[in-house]
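Let's go through this one by asking how each label is earned. Have the picture open as you read.

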Protein chains: 2
Amino acid sequence: MFNYVEKLKEFIRFPSVSTDPAFKEGMAGSQRFVSELLGSLGFKVEVVKTDVHPIVLASRDGDPSWPHVIIYGHYDVQPADPLALWKTPPFEPTIIGNRIYGRGAADNKGPLMTNIAAVAQLLEENPKIPLRITFLVEGEEEMGSPSFPKFLSAYADRLRKADFVYLSDTALPNEQQVVVTCGLRGLALFDLVVTGAKGDLHSGLHGGVLRNPIQALAEICSTLHTPEGAVNVPGFYDGVLDVEPWERAELAKLAGDGKAYMDFLGIDAFYTTPGFSPFEAIRFQPTLEFNGIGGGYQGEGTKTVIPSKAFVKISCRLVPNQEPDRIKGLVRDAIRARAPKGVKIEFVDQHKGDPYVVVPPGRPNTPKGQSPVLARAFRATDSAVTAIWGRPPLYLREGGSVPIIADIKKVTGLDSVMLGLFLPEDNLHAPNESFNLDVMRKGVETARRILSGITAS
Amino acid sequence: MFNYVEKLKEFIRFPSVSTDPAFKEGMAGSQRFVSELLGSLGFKVEVVKTDVHPIVLASRDGDPSWPHVIIYGHYDVQPADPLALWKTPPFEPTIIGNRIYGRGAADNKGPLMTNIAAVAQLLEENPKIPLRITFLVEGEEEMGSPSFPKFLSAYADRLRKADFVYLSDTALPNEQQVVVTCGLRGLALFDLVVTGAKGDLHSGLHGGVLRNPIQALAEICSTLHTPEGAVNVPGFYDGVLDVEPWERAELAKLAGDGKAYMDFLGIDAFYTTPGFSPFEAIRFQPTLEFNGIGGGYQGEGTKTVIPSKAFVKISCRLVPNQEPDRIKGLVRDAIRARAPKGVKIEFVDQHKGDPYVVVPPGRPNTPKGQSPVLARAFRATDSAVTAIWGRPPLYLREGGSVPIIADIKKVTGLDSVMLGLFLPEDNLHAPNESFNLDVMRKGVETARRILSGITAS
């Protein structure tokens with residue numbers, strides 16, 4: 001039988017950091033691994049060149065009377081730094097207890113392998129099973145999928161013929177409760193660079209004369225939230241999608257324990273948009289975060305310099321009806337208006353992604369014309385999860401972003417069924433990332449049932 | 001004749017970065033170079049071990065009826081980073097026009113070599129000249145001279161027998177006007193570290209729940225100055241030494257051009273303590289500066305992380321009557337009081353130094369019991385500068401810090417005569433540091449006249 005744990009180990013060994021050109025070989029290896037694996041399962045594999053990292057498109061025709069499912073995943077991972085904080089080497093998969101450690105174990109190599117394993121097992125059991133599946137595995141998710149829009153336009157006609165997208169690149173709140181993600185936050189990212197004097201200055205010879213760019217940067221950053229925790233940028237919340245009562249009720253079933261969450265994070269106070277619990281804020285509210293800051297001397301000891309420049313990396317998570325370019329414009333306008341005299345500011349644009357929402361069948365706000373196949377896919381998912389996990393999934397919007405889901409919807413009209421498989425303790429984007437192998441086993445079972453359970457009848 | 005330019009080149013070639021253990025060999029080489037050079041001039045050289053970098057003490061007995069001068073200098077330099085901004089290699093001295101480029105060229109290798117050259121030439125001309133000189137050359141100035149207090153206590157009885165200290169580790173405002181520095185700012189340095197969650201977090205999974213430590217750090221830093229430019233810490237200005245009318249008048253002779261200074265810095269607005277021109281603020285007012293800031297992802301592209309920690313390196317320049325430990329306490333108290341909820345703050349102590357002031361003879365505030373030898377030294381300096389540079393020096397307090405000058409005064413009672421030799425365009429503590437060789441030539445002439453001109457009669 002298809003040994004998905006061994007395959008996952010192989011997959012993790014490729015250091016496929018898409019944002020860093022130093023990992024070019026790891027990216028190429030990771031892509032070849034996926035292509036060869038899907039080829040070995042009988043899929044027709046195309047490696048679609050892009051400007052950065054290619055997209056793997058692997059299809060199986062199956063029975064035209066069956067729904068055609070696109071299974072999405074990504075073969076790239078986040079940078080592993082800070083390396084010093086890893087307890088095992090990030091690209092040497094290590095099993096400890098029921099967990100496999102390694103960069104990408106949970107985001108997204110483990111969950112993608114889960115879905116590949118489901119298909120592999122179904123094909124092993126019945127090589128003639130009429131599954132109609134297209135794997136779509138990209139290599140630029142962690143850089144914001146810059147090549148995806150171009151790919152989508154070029155392949156729109158083909159992709160549009162599918163019925164829906166299935167993926168596991170979202171979260172499971174705990175080992176007991178599966179969540180089907182019905183919304184994703186978008187992204188708007190850019191760097192702010194503040195320049196004071198034209199060169200670094202000696203703080204004795206020139207200190208007390210000019211505004212230090214670190215101070216100017218701090219002054220700007222300190223204005224971007226209210227003391228209560230909302231984003232303090234005019235227009236930022238305009239048109240933000242309301243939260244439906246059923247959404248709040250569904251989330252309430254998770255029975256989040258604030259104290260336990262605080263302990264998990266290691267903090268002693270929450271700081272959220274007023275009117276939202278921390279659990280609600282993550283899923284239903286937008287954010288403005290600082291992902292990195294730098295400037296001047298950062299080494300050991302001291303250097304009494306007034307730096308010429310300081311920068312901060314800003315990312316906004318967006319919710320439906322927040323258009324990324326509009327939000328970037330609003331934040332930049334606020335920064336320009338608040339920048340103190342005596343410094344220059346510049347913006348370095350980074351990537352962006354639209355937010356996304358899909359409403360499952362049978363809800364008060366389900367769109368009238370929802371595709372019957374999509375509705376069937378949701379129902380197959382519901383019964384598979386109930387059978388394997390012992391309770392039905394919750395239907396929730398999530399705080400994370402998979403920007404291409406909104407792009408796919410925009411270009412092809414296809415919605416996505418997102419079954420979450422990574423846990424909060426999996427340390428995504430952080431040191432000591434891991435994936436729970438019990439979750440993986442149940443995930444394989446669940447995906448098998450879903451894929452074999454959506455018939456066209 | 002003593003070829004001081006060649007000797008200075010040799011001196012600069014030693015990469016003597018005292019704060020970075022990676023430069024241990026460069027430090028040892030730099031120290032040996034100074035010891036051997038002074039030994040070759042007939043000085044009795046002692047290399048005094050300290051906990052970090054040794055102090056070179058080189059003495060010549062001379063005629064007991066002559067004043068005994070301690071000539072101070074330091075053989076260590078600032079770190080050279082950011083290396084990418086250097087146009088020539090920092091430790092490969094390069095002469096372009098009338099300037100010699102290299103880390104330490106102006107701070108302090110060039111000025112120290114100027115004074116060594118003066119002594120060498122006097123001895124060449126008259127080997128029996130009755131000069132009584134002790135060279136005191138340390139290797140920890142750029143780290144805040146941590147070993148100096150211990151050395152001072154141990155050698156206090158010996159040093160106390162000298163009459164005054166002579167040094168060139170201060171600034172010349174322009175090539176025409178020499179300044180004798182009558183005050184130095186002190187230093188109080190520490191790092192502030194802000195911790196939010198116990199580990200780095202995914203900004204999608206957890207964004208919108210907690211106060212980002214970069215934000216908290218920005219909030220704290222943004223409170224430490226008033227909008228007008230004063231340090232906003234209660235008690236910070238308590239007891240700050242008043243500025244005498246003659247000090248303002250003396251400074252006014254420099255006729256600083258605000259527009260030209262702005263252009264030099266590359267800024268379009270000053271930001272100073274209210275009530276002080278930028279030129280006055282540097283010399284007479286204390287500061288609080290941010291020398292470096294860091295936290296989260298600083299590489300290319302993006303990483304959507306909420307960092308666990310962020311830090312800032314803070315330095316205060318102090319003026320007379322500001323005690324460094326008291327100031328550190330006040331700033332830390334203000335930070336503690338202003339730190340927002342939900343984050344932890346820690347301080348990492350760095351070095352400190354007392355401010356210093358000496359009043360030349362014949363001023364309204366000259367101390368009644370000023371040593372006649374010190375008064376003579378000031379007068380010899382005045383006439384030497386007038387002869388060589390064509391106009392008398394100005395007597396001004398300076399913005400920079402040479403913390404050991406205050407320590408020497410405290411422990412031995414000796415005051416210092418500080419003749420500045422580096423120019424604003426020498427880029428101290430910054431990339432492309434250089435030293436003006438015309439200034440060096442005149443500096444050698446001036447020091448020769450001063451040292452041979454202070455007789456005991």
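**How do we know? Helices, strands and a two-fold pair**

Q: What makes the far side of α10(A) count as exposed, and which residues are there?
A: A residue is exposed if 12 or fewer other C-beta atoms lie within 10 Å of its own. On that other side of α10(A), the residues called exposed are A:Asp325, A:Arg336 and A:Ala337. Keep in mind that this is a predicted model.

Q: Which residues of α10(A) are buried?
A: Buried calls for 20 or more other C-beta atoms within 10 Å. In α10(A) that label goes to A:Pro324, A:Ile327, A:Val331, A:Ala334 and A:Ile335.

Q: How do you know whether the buried residues of α10(A) line one face of the helix or not?
A: Look down the helix axis: the buried residues of α10(A) fall within an arc of 100°, so they line one face. The general rule behind this is that an α-helix has 3.6 residues a turn, so residues three or four places apart point the same way. The cover over the buried residues of α10(A) includes β9, α6, β11, β13 and β14 of chain A.

Q: Why does the length of α10(A) agree with what a helix should span?
A: The helix has 15 residues, and at 1.5 Å a residue they should span 21 Å; the end C-alpha atoms are 21 Å apart, so the two agree.

Q: What does the same check give for α12(B)?
A: α12(B) has 17 residues and reaches 24 Å from first C-alpha to last, close to the 24 Å expected. Its buried residues include B:Val439, B:Met440 and B:Gly443, and they pack against elements of chain B, among them α1, β3 and α3.

Q: Which residues of α1(A) are buried, and how do you know on which side they sit?
A: The buried ones are A:Tyr4, A:Leu8, A:Phe11 and A:Ile12. They cover an arc of only 95° around the axis, which puts them on the same side of α1(A). Their cover includes α2, β5, α3 and α13 of chain A.

Q: Why is β6(A) called mostly covered?
A: Seven of its seven residues are buried. A:Arg132, A:Thr134, A:Leu136 and A:Glu138 point one way, while A:Ile133, A:Phe135 and A:Val137 point the other, and all are buried.

Q: What makes β2(A) and β3(A) partners of β6(A), and is each parallel or antiparallel?
A: Two strands pair if there are at least two bridges between them. β2(A) is joined to β6(A) by five bridges and runs antiparallel, with A:Leu57 opposite A:Leu136. β3(A) has seven bridges to β6(A) in the parallel sense, and A:Ile70 has A:Thr134 as its bridge partner.

Q: How do you know what relation chain B has to chain A?
A: A turn of 180° with a shift of 0.0 Å along the axis lays chain B on chain A with an RMSD of 0.0 Å. That is the relation of a two-fold axis.

Q: Why can we say which surface the copies meet through?
A: 100% of the interface residues of chain B are also interface residues in chain A, so the copies meet through the same surface. Here 81 residues of chain B are in contact with 82 residues of chain A. β11(B) gives the most to chain B's side, with nine residues. That side divides into 32 nonpolar, 37 polar and 12 charged residues.

Q: What makes β11(A) and β11(B) a pair?
A: They share five bridges in the antiparallel sense, and A:Ile293 stands opposite B:Gly295.

How values were computed
Residues numbered from 1 in each chain as written. Chains lettered and ligands numbered in written order. Predicted model: local features only at pLDDT ≥ 70, side-chain atom pairs only at ≥ 80, totals over all residues. Contact = placed C-beta atoms within 7 Å. Helix = DSSP H or I, 4+ residues; strand = E, 2+ residues; numbered from the N terminus. Nonpolar A, V, L, I, M, F, W, Y, C, P; charged D, E, K, R; others polar. Least-squares fit on C-alpha atoms with pLDDT ≥ 70 in both. Expected span 1.5 Å × (residues − 1). Arc of directions from axis to C-beta.
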